[in-house]
Amino acid sequence: MAEDKVRLGIIGLGAEGGMYAKFLDAEMVPNMRIGAICDILPEKKEQADAYGVPFYADYKEMIDSGEVDAVVTTVPHYLHPEMGIYALQQGIHALVEKPVGVYTKQANELIEYAASKPELKFGVFFNQRTNPLYKDLKALMDSGELGKLRHTSWIITTWWRPQPYYAQSEWRATWGGEGGGVLVNQAPHQLDLWQWICGVPKSVFAKVAYGFRRDIEVEDEVNALVDFGDGATGTFITCVHDIDGTDRLEILCDKGKIVVDGSNTVKITRLKEDEEVMSQNMGMDAVAKLFTGQLDRSELMSEETKEYGNVWGAQHCEVMRNFAAAIHGEEELLAPGADGIHGVRLANAIHLSSWTGQEVSLEDFDEDAYLAQLNERISAEGKFETRS
């Protein structure tokens with residue numbers, strides 16, 4: 001029944017907000033409907049009228065209206081924390097788009113305030129967490145079946161963006177308007193998934209290019225090396241200038257290996273025993289056969305390959321369905337808002353490492369040092385106010 005559905009207020013009726021509105025209007029989320037729409041552009045009212053819901057130009061008025069039970073913030077990154085906090089202050093559940101904030105100090109303000117309101121749900125729109133492929137990998141790694149992590153790498157360069165993309169708006173690809181480039185706009189999903197599946201790194205060292213192959217102020221290519229502790233390491237590579245991009249995730253563990261191509265094909269290799277034990281106990285005859293290709297690999301390992309489909313819109317609808325179910329007390333949040341700090345902190349640390357030429361700790365990250373450096377870059381642009 002309609003009265004049992006969570007009434008979602010959509011703040012920002014752009015590409016994402018418009019997509020969510022279409023999904024809800026088409027009843028693709030059974031336990032949620034559009035309650036109201038907010039946008040600063042008056043011409044968006046016509047779209048809201050087509051959905052038969054109230055339209056507001058001020059997000060605070062919409063939140064205060066009594067027309068919504070929850071909001072989703074599909075707005076520029078810097079606005080997510082203030083809108084999320086205001087909603088929670090008014091007793092409204094908050095689902096914020098990624099990233100939760102541009103910098104950790106800002107993101108933590110929202111996360112800490114949400115913690116003081118445990119009766120309200122606070123989520124982050126990490127729709128890739130609903131992808132069956134990554135859910136299965138998370139479960140596999142959590143099970144310990146493959147043993148401890150040794151190394152992981154993710155090359156994600158499928159974010160090709162031509163120069164006109166950045167010329168659409170004055171705020172795009174600026175420190176003051178967007179807070180960064182590929183790390184805050186395109187890659188937050190991978191930064192989240194990487195840490196969700198493999199664990200949160202302890203430190204990072206990065207080489208980052210700013211305006212390398214695009215006429216922008218922010219990063220368009222990133223190479224980062226992370227330390228997970230206990231000898232485990234990882235590399236993360238991303239850019240926006242590879243028109244024939246790669247999406248390949250590898251996870252090497254003591255007892256096996258995972259390789260994901262294109263976010264839809266997974267190959268899992270399971271060793272018969274721990275690799276180190278195998279190394280210690282293998283005789284030279286077996287070694288010689290292995291080196292010459294005469295040893296049957298099935299004696300050492302098994303291989304499983306699985307293809308995953310991808311239904312457009314299903315992931316986003318699942319986030320909204322799960323969020324509504326959590327509000328009703330039926331499920332736990334798949335992507336709690338507090339989890340959003342990991343991606344923000346790693347992105348900030350990658351920037352800071354590249355600016356200082358030093359390895360940066362994630363365990364005691366210096367958020368004041370980062371914010372000072374960020375504000376220097378905002379001031380240099382001369383178009384936006386610095387942040388506090």
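**Exercise 1. Ser263 and Asp230**

Ser263 sits in the loop between β12 (256–261) and β13 (265–271); state its phi and decide whether Ser263 is buried or exposed.

Solution. The model is predicted, so local features need pLDDT of at least 70 and side-chain atom pairs pLDDT 80 or more, while totals for chains, interfaces and linings use all residues. Residues are numbered from 1 along each chain as its sequence is written, and side-chain values use heavy atoms, with hydrogens and water left out.

Step 1. Strands (E, at least two residues) and helices (H or I, at least four) are DSSP runs numbered from the N terminus.
Step 2. Ser263 has a phi near 55 degrees, which is positive although the residue is other than glycine.
Step 3. Ser263 has a relative accessible area of 19% and is therefore buried (buried is under 20%, exposed over 50%, partly exposed in between, with a 1.4 Å probe and protein chains only).
Step 4. Asp230, also not a glycine, has a positive phi of about 55 degrees. Asp230 belongs to the loop between β9 (219–229) and β10 (232–239). With a relative accessible area of 70%, Asp230 is exposed.

**Exercise 2. A cis peptide bond**

Give the omega of the peptide bond from Lys98 to Pro99 and its form, then place Pro99.

Solution. Step 1. Omega is near -10 degrees, and the bond is cis.
Step 2. Pro99 lies in the loop between β5 (93–96) and α5 (104–115).

**Exercise 3. Packing of α6 on α9**

How do the axes of helix α6 (residues 132–143) and helix α9 (residues 188–198) cross, and which residues meet?

Solution. Step 1. The two axes come within 8 Å and cross at roughly 30 degrees. That angle makes α6 roughly parallel to α9. Axes are lines fitted to C-alpha atoms, for helices over the stretch in contact, with angles from 0 to 180 degrees between N-to-C directions; under 35 degrees counts as roughly parallel, over 145 as roughly antiparallel, 65 to 115 as roughly perpendicular and the rest as oblique.
Step 2. From α6, Tyr134, Lys135, Leu137, Lys138 and Met141 meet Leu193, Trp196 and Ile197 of α9 (contact means heavy atoms within 4.5 Å).
Step 3. The residues of this contact comprise 6 nonpolar, no polar and 2 charged. Ala, Val, Leu, Ile, Met, Phe, Trp, Tyr, Cys and Pro count as nonpolar, Asp, Glu, Lys and Arg as charged, and the others, Gly among them, as polar.

**Exercise 4. Aromatic pairs**

How many aromatic pairs does a search of the whole structure find? Describe the pair of Tyr134 and Trp154, then the pair of Trp175 and Tyr210.

Solution. Step 1. The search finds 11 aromatic pairs. Rings of Phe, Tyr and Trp (its six-membered ring) pair if their centres lie within 6.5 Å; planes under 30 degrees apart are stacked, over 60 edge-to-face, the rest tilted.
Step 2. Tyr134 and Trp154 make a tilted pair, 5.9 Å centre to centre with 35 degrees between the planes. Tyr134 is in helix α6 and Trp154 in strand β7 (residues 149–156), so the pair ties together parts 20 residues apart in sequence. Tyr134 is buried, at a relative accessible area of 0%, and Trp154 is buried with 0% relative accessibility.
Step 3. Trp175 and Tyr210 form a tilted pair, 5.9 Å centre to centre and 50 degrees between the planes. Because Trp175 lies in the loop between α7 (163–166) and α8 (182–185) and Tyr210 in strand β8 (residues 203–210), this pair ties together parts 35 residues apart in sequence. Trp175 is buried at 3% relative accessibility, whereas Tyr210 is partly exposed at 27%.
Step 4. Trp175 and Tyr210 belong to one aromatic cluster with Trp355, Phe365 and Tyr370.

**Exercise 5. Charges over rings**

Find the distance of Arg377 from the ring centre of Trp355 and that of the charged end of Arg387 from the ring centre of Tyr78.

Solution. Step 1. A charge sits over a ring if NZ of Lys or CZ of Arg is within 6 Å of the ring centre and within 35 degrees of the ring normal.
Step 2. Arg377 lies over the face of Trp355 at 3.9 Å from the ring centre.
Step 3. For Arg387 over the ring of Tyr78, the distance from the centre is 3.6 Å.

**Exercise 6. Surroundings of Tyr20**

Is Tyr20 buried or exposed, and which residues does Tyr20 touch, not counting those up to four places away in sequence?

Solution. Step 1. Tyr20 is in helix α1 (residues 15–25) and is buried, with a relative accessible area of 0%.
Step 2. Under that sequence limit, Tyr20 touches Ile10, Val72, Thr74, Glu97, Phe125, His316 and Met320.
Step 3. Tyr20 and Met320 are 300 residues apart along the chain, and their C-alpha atoms are separated by 8.9 Å.
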